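Here are my notes on the structure you sent round. They are set out as numbered points for a reader who has not met it before.

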Amino acid sequence: MPFLLIILGALAVHAALARARDNSSVFDFPEYPPPMTPPPNQTLADSVASLPSNEISHDPALRNLKIHFDTGKFGPPVELVHAYFDFWPTGVAVSSNGRIFTSFPRGNETFTLAEANTATTEIPFPDQDANTPPAFANTTNPGFSISTEKLILVQSVVVDGKDRIWALDVGRPRVNGTTLMAASPGGPKLIGFHQNGTRFTTITFPAGVVAADSSLNDVRIDLRGDGFAYLPDSSPQRPGVVVVNLSTGQSWRHLDNHPSVTVQVDLVSFHNGVPNYIHPPISPFAVTAFNRFAVDGVALSPDGEFFYFAPLSARRLFRIPTSFLKIQPSATNPNAIILANQAVQDLGDVGSHLNGLESDDQGFIYLTAPEHNAINRFNPKTGMIEPFVRNPFIQWPDTLAVASLKNGGNFLYFTCNQLWLSPDYQNGCVHNLPLLWLAPRVDALTL
């Protein structure tokens with residue numbers, strides 16, 4: 001068992017370099033297969049073989065019969081680039097010079113924002129001091145965390161179009177690795193770092209925007225105009241989207257409890273063919289459907305015109321024009337909430353519950369498909385889901401990060417966290433270690 005954990009824990013996918021279309025900086029992905037070939041609805045993972053001798057009768061007419069089967073693979077090869085042995089990652093981001101930044105939920109972890117310094121180890125970013133708050137528990141308000149400029153629990157990390165690092169601190173550490181503390185104002189924050197570790201901005205949120213039981217999950221940055229950040233609040237109690245004006249630091253909410261951001265209460269997810277339920281390690285130890293996580297994965301279209309999003313505990317993809325999200329609800333804009341709710345577009349069923357989303361400069365939206373050990377993509381031009389890569393080693397793909405490297409590589413990085421094997425789902429037992437992979441991607445992302 002330890003050997004199996006080490007092998008699984010080390011996986012990370014490295015995207016193969018996409019085939020050059022011409023001498024420009026735009027690359028064309030060698031599709032597997034090109035769109036609409038083979039015919040629609042034909043599986044890409046086709047093969048035929050004779051069954052093993054112990055799986056057929058002795059009838060000679062059946063002995064050499066070729067049986068169709070699913071190979072479990074399609075798309076380009078994947079490459080392991082990093083193994084997490086100490087902490088469990090939730091976020092990953094890659095700069096143009098190839099630096100890999102990652103984040104860890106805070107339980108007993110000594111740091112929550114890090115950089116990979118070898119293929120199997122990480123060091124705190126920007127340093128250990130920034131990752132060491134004076135305390136976690138609020139002594140004057142039991143059950144709450146504290147307000148501090150230090151990093152408490154970084155859920156997500158991204159790199160923007162200027163190669164700067166943004167860290168989303170949810171401000172809610174886990175007590176003994178189980179219960180999340182409630183947040184205090186000043187704990188949840190969005191922090192910007194230059195690559196040298198210098199902090200260039202810290203944006204906090206009023207309690208009316210990020211409540212004590214909010215669960216900020218991810219972030220996407222758009223530097224056009226004033227600059228905006230979009231953050232999903234995955235809390236089942238108050239799901240919605242937080243919008244931040246990066247110039248003013250003001251923030252507001254949209255889509256609160258809209259059907260597009262809420263959980264599917266009876267969702268049963270399947271992993272490696274096995275139905276999955278939550279077996280929590282805390283009282284009352286009640287088994288439930290996979291219904292904990294509201295809006296989770298998010299992506300921006302390359303022109304910044306659309307915000308794509310999906311609940312983790314559901315199998316549908318949605319989007320909304322960002323023009324509606326950028327309007328702050330107020331006495332000046334009293335209809336902003338109604339208009340935003342009406343502007344949501346349901347893009348349909350995607351065949352798997354979704355975790356991470358990402359986009360490229362051709363407009364494709366990459367969709368993790370944990371139930372299929374795959375990453376697919378949504379094509380806005382056709383409205384269809386297209387296959388991208390599938391591999392049995394892709395065990396619960398989580399965070400996606402597009403990177404166009406200065407040395408010429410164009411990659412889609414993704415973590416495999418094997419979440420359904422974690423303690424929250426296995427009655428406190430740990431059956432896995434997470435991985436970071438790289439897979440071929442389409443074109444260089446431009447923001």
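1. How many aromatic pairs does the count come to? The answer is 13 aromatic pairs. The model is a predicted one, and the points below should be read with that in mind.

2. One aromatic pair is made by phenylalanine 101 and phenylalanine 125, with 5.1 Å from centre to centre and 70 degrees between the planes. The arrangement is edge-to-face. Phenylalanine 101 belongs to strand 7 (residues 100–103), while phenylalanine 125 sits in the loop between strand 9 (122–124) and strand 10 (154–159), so the pair ties together parts that are 24 residues apart in sequence. Phenylalanine 101 is buried at a relative accessible area of 0%, and phenylalanine 125 is buried at 4%.

3. The rings of phenylalanine 104 and phenylalanine 111 are also edge-to-face, because their planes stand at 65 degrees and the cut-off for that class is over 60. The ring centres are 6.1 Å apart. Phenylalanine 104 and phenylalanine 111 are both buried. Together with Tyr84 and Phe87, Phe104 and Phe111 form one aromatic cluster.

4. Next, the sheets. Strands 26, 27, 28 and 29 make an open sheet in the order 26-27-28-29, with antiparallel pairing. Strand 26 (357–359) and strand 29 are at the edges with a single partner strand each, so one side of each has no neighbour in the sheet. On average, neighbouring strands of this sheet are turned by 30 degrees against each other, direction ignored.

5. Within that sheet, strand 28 (residues 374–379) and strand 29 (residues 384–390) run antiparallel and are joined by six bridges. Opposite alanine 374 stands arginine 390 of strand 29. The hairpin of strand 28 and strand 29 has four residues between the strands, and glycine 383 in this hairpin takes a positive phi near 75 degrees.

6. How many salt bridges does the structure hold? There are 14 salt bridges. In one of them arginine 390 is joined to aspartate 70, with the closest N and O atoms 2.8 Å apart. This pair links distant parts of the chain, as arginine 390 is in strand 29 and aspartate 70 is in strand 4 (residues 66–70), 320 residues apart. Is arginine 390 buried or exposed? Arginine 390 has a relative accessible area of 19%, and it counts as buried because the limit is under 20%. Its partner aspartate 70 is partly exposed, at 44% relative accessibility.

7. Another salt bridge joins arginine 377 to glutamate 386, and here the closest N and O atoms are 3.1 Å apart. Both arginine 377 and glutamate 386 are buried.

8. A further salt bridge is formed by aspartate 222 and arginine 224, whose closest N and O atoms are 2.8 Å apart. Aspartate 222 is buried at 2% relative accessibility, whereas arginine 224 is partly exposed at 33%. There is also a network of salt bridges that links Asp218, Arg220 and Glu358.

9. A second sheet deserves a note of its own. Four strands form an open sheet in the order 16-17-18-19, and the pairing is antiparallel. Its edge strands are strand 16 (220–222) and strand 19 (251–254), each of which pairs on one side only. Neighbouring strands in this sheet are turned against each other by 25 degrees on average, direction ignored.

10. Which residue of strand 19 is the bridge partner of valine 244? The partner is serine 251. Strand 18 (residues 240–245) and strand 19 are joined by four bridges and run antiparallel.

11. Last, the surface. Which residues make the nonpolar surface patch of about 290 Å²? The patch is made by Leu51, Leu62, Leu65 and Ile67. Leucine 62 is placed in helix 2 (residues 60–63). The relative accessible area of leucine 62 is 40%, so this residue counts as partly exposed, the range for that class lying between 20% and 50%.

How values were computed. Residues numbered from 1 in each chain as written. Predicted model: local features only at pLDDT ≥ 70, side-chain atom pairs only at ≥ 80, totals over all residues. Heavy atoms only, no water. Pairing = 2+ DSSP bridges. Helix = DSSP H or I, 4+ residues; strand = E, 2+ residues; numbered from the N terminus. Patch = residues over 30% accessible without salt bridge, like charges linked within 9 Å, V, L, I, M, F, W, Y side chains within 5 Å. Areas by Shrake-Rupley, 256 points an atom, 1.4 Å probe, with all protein chains shown as cover. Salt bridge = Lys/Arg side-chain N within 4 Å of Asp/Glu carboxyl O. Buried < 20%, exposed > 50% of the residue type's maximum accessible area, 1.4 Å probe, protein only. Axes fitted to C-alpha atoms, helices over the stretch in contact; angles between N-to-C directions. Phe/Tyr/Trp six-rings, centres within 6.5 Å; stacked < 30°, edge-to-face > 60°.
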